[in-house]
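Reader: I'd like to learn how to read a fold feature by feature. Can we walk through one together?

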Amino acid sequence: MAGLILTLIARIQVMVPGSGKFRKFAAGQQGLIETIQKETGDTGNLPALWIHASSLGEYGVARPIIRQLKREGKYRIILTFFSPTGYEALKWHHPDADHVFYLPLDTRRNVRRFLDTVQPRKAIFIISEYWLNYLSELKRRNIPTYLISAVISRNAPFFKWYGGIYRKSLEAFTHFMVLNEQSKANLRALGFENISITGDPLFDNAIAVSTTPWHNPVIERFARQGDLFIAGSISDRKDMALVSSLANNHRDVHFIIVPHEISEEILNEIKFCLDGYALCYSECDENTDFSDTQALIIDYLGDLAYLYRYGKWAYVGGGFTPYLHSIIEATVYGLPVAFGPLIHRKATPNELIELHIGSIVRSGKDLDEWFVKLHANGAELARIKKTAQAYTDRNSGATSHIIRLLGKS
């Protein structure tokens with residue numbers, strides 16, 4: 001029970017009780033096991049493979065893996081999410097996954113009922129999902145279980161004084177697929193050898209998205225006003241303070257702002273922070289007059305990875321929380337990208353900093369200085385674009401490596 005409480009506190013701390021996100025999470029847990037039992041009742045002849053992702057960002061890692069597994073036709077894919085931002089985006093349309101559900105809360109009874117219902121042949125957890133009762137029961141049932149795209153830092157709970165229960169949970173994993181040498185070394189320090197450095201499927205997903213034809217007449221009409229700054233996955237007031245300060249200081253620059261969570265309160269707060277005129281996407285159509293509009297706020301989920309193609313510069317949110325969102329989605333289009341300072345859970349930010357593609361910003365002043373240096377610097381923007389595209393190409397191919405490892409057990 002102590003482990004469950006610690007895990008839930010760590011995860012639900014980003015959902016404020018009373019917020020739309022928290023209400024959706026709570027509502028999604030009502031009658032969830034019964035829903036799963038009903039919707040997976042006709043299992044057919046294929047065994048189930050269960051993939052769990054925390055949110056929409058983690059789904060970017062899972063997506064190319066799901067696509068490849070589905071193409072091979074060996075499994076029914078059961079996809080679960082902890083966060084509403086993942087589930088809400090995919091509940092009606094989930095290409096390649098056979099079923100999409102919230103993850104039932106990590107209690108022993110829920111875990112047994114979920115696994116009895118789904119009966120997974122294999123289980124996959126994305127990046128940093130350590131649900132203690134699930135892992136314990138998967139191990140007890142001898143179900144091969146994998147951790148994919150993991151970054152194991154010395155700040156992780158496994159290395160803390162209270163980390164014994166978390167260290168024990170790692171024994172459930174059949175194989176660890178990590179992003180860098182440091183993660184491998186840290187796992188070896190804990191006594192594990194079943195480790196491979198596989199690279200990040202987010203690159204494969206981002207490349208696939210960037211090369212997929214996609215057009216939006218509203219966005220394209222807005223883009224005709226001038227070069228666009230894309231502020232993606234804006235997650236909290238700190239993100240919004242930085243982005244709104246930049247927009248207010250540069251009224252000649254046009255912004256697309258994509259909040260990580262959609263609610264009337266959040267949309268109104270974004271508009272309130274901006275001095276320039278802003279419209280929500282839902283207020284527009286392909287004939288809207290954008291001549292006086294500085295910012296377009298995207299008030300629906302799911303298309304951010306496509307929207308970066310319209311941008312010239314980018315800021316990615318979540319960097320003032322433990323959950324920085326995907327910066328690869330912007331990088332694949334060759335955009336310079338800024339983000340907050342909490343980057344220890346991912347390998348890519350440091351690599352982009354070393355290549356002078358990405359930059360940490362801690363304040364509105366930092367973001368403004370970063371932007372001013374790049375605003376009219378065509379030579380530097382061209383260098384960044386070329387370097388970023390070479391970087392993403394160099395890091396492609398992780399999905400095939402992971403699929404091979406999954407097939408070995």
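**Reading the model**

Author: Let's start with one residue: Asp96 is partly exposed, because its relative accessible area is 31%. The scale behind that word is simple: buried is under 20% relative accessible area, exposed is over 50%, and partly exposed is in between (1.4 Å probe, protein chains only). Before we go on, note that this is a predicted model, where local features need pLDDT of at least 70 and side-chain atom pairs count only at pLDDT 80 or more, while totals for chains, interfaces and linings use all residues. Residues are numbered from 1 along each chain as its sequence is written, and side-chain values use heavy atoms, with hydrogens and water left out.

Reader: Where does Asp96 lie, and what is its phi near?

Author: The general idea comes first: most residues other than glycine have a negative phi. Asp96 has a positive one, near 80°, and sits in the loop between helix 5 (84-90) and strand 3. By helices and strands I mean DSSP runs numbered from the N terminus, helices being H or I with at least four residues and strands E with at least two. Ser233 also has a positive phi, about 55°, although it is not a glycine. Ser233 lies in strand 8 (residues 228-234) and counts as buried, because its relative accessibility is 10%.

Reader: On to the sheet, then. What is the order of the seven strands?

Author: For pairing, the rule is that DSSP finds at least two bridges between two strands. Here the sheet is open, its order is 3-2-1-4-5-6-7, and the pairing is parallel. Strand 3 (99-102) and strand 7 (195-197) are at the edges with a single partner strand each, so one side of each has no neighbour in the sheet. On average, neighbouring strands of this sheet are turned by 20° against each other, direction ignored.

Reader: How many bridges join strand 2 to strand 3?

Author: Four, and the two strands run parallel, with strand 2 covering residues 76-81. Ile78 has His99 of strand 3 as its bridge partner, and Phe81 has Tyr102. Now look at where the strand 3 side chains go: His99 and Phe101 point one way, Val100 and Tyr102 the other way, and all are buried.

Reader: Which strands does helix 4 lie across?

Author: Helix 4 (residues 56-72) lies across strand 1 (48-53), strand 2, strand 4 (120-126) and strand 5 (145-150), and runs at about 180° to strand 2. To read such angles, take axes as lines fitted to C-alpha atoms, for helices over the stretch in contact, with angles from 0 to 180 degrees between N-to-C directions.

Reader: And at what angle do helix 4 and helix 10 cross?

Author: Their axes cross at roughly 80° and come within 8 Å, helix 10 being residues 201-210. The two helices are therefore roughly perpendicular to each other; the cut-offs are under 35 degrees for roughly parallel, over 145 for roughly antiparallel, 65 to 115 for roughly perpendicular, and oblique for the rest. Contact means heavy atoms within 4.5 Å, and the contributors include Gly57 and Val61 of helix 4 and Leu202 and Ala208 of helix 10.

Reader: How do I read an aromatic pair?

Author: A pair of aromatic rings is described by the distance of the centres and the angle of the planes. Rings of Phe, Tyr and Trp (its six-membered ring) pair if their centres lie within 6.5 Å, and planes under 30 degrees apart are stacked, over 60 edge-to-face, and the rest tilted. A search of the whole structure gives 23 aromatic pairs. Trp50 and Phe125 form an edge-to-face one, at 5.3 Å centre to centre with 70° between the planes. Trp50 is in strand 1 and Phe125 in strand 4, so the pair ties together parts that are 75 residues apart in sequence. Trp50 is buried at 0% relative accessibility, and Phe125 is buried at 0% too.

Reader: Which residues form one aromatic cluster with Trp50 and Phe125?

Author: Phe114, Tyr134, Phe173, Phe176 and Phe192 join them in that cluster.

Reader: One last residue: is Phe222 buried or exposed?

Author: Phe222 counts as buried, at 0% relative accessibility, and its place is in helix 11 (residues 217-223). Leaving aside neighbours within four places in sequence, Phe222 is in contact with residues including Leu228, His254, Phe290 and Leu296.
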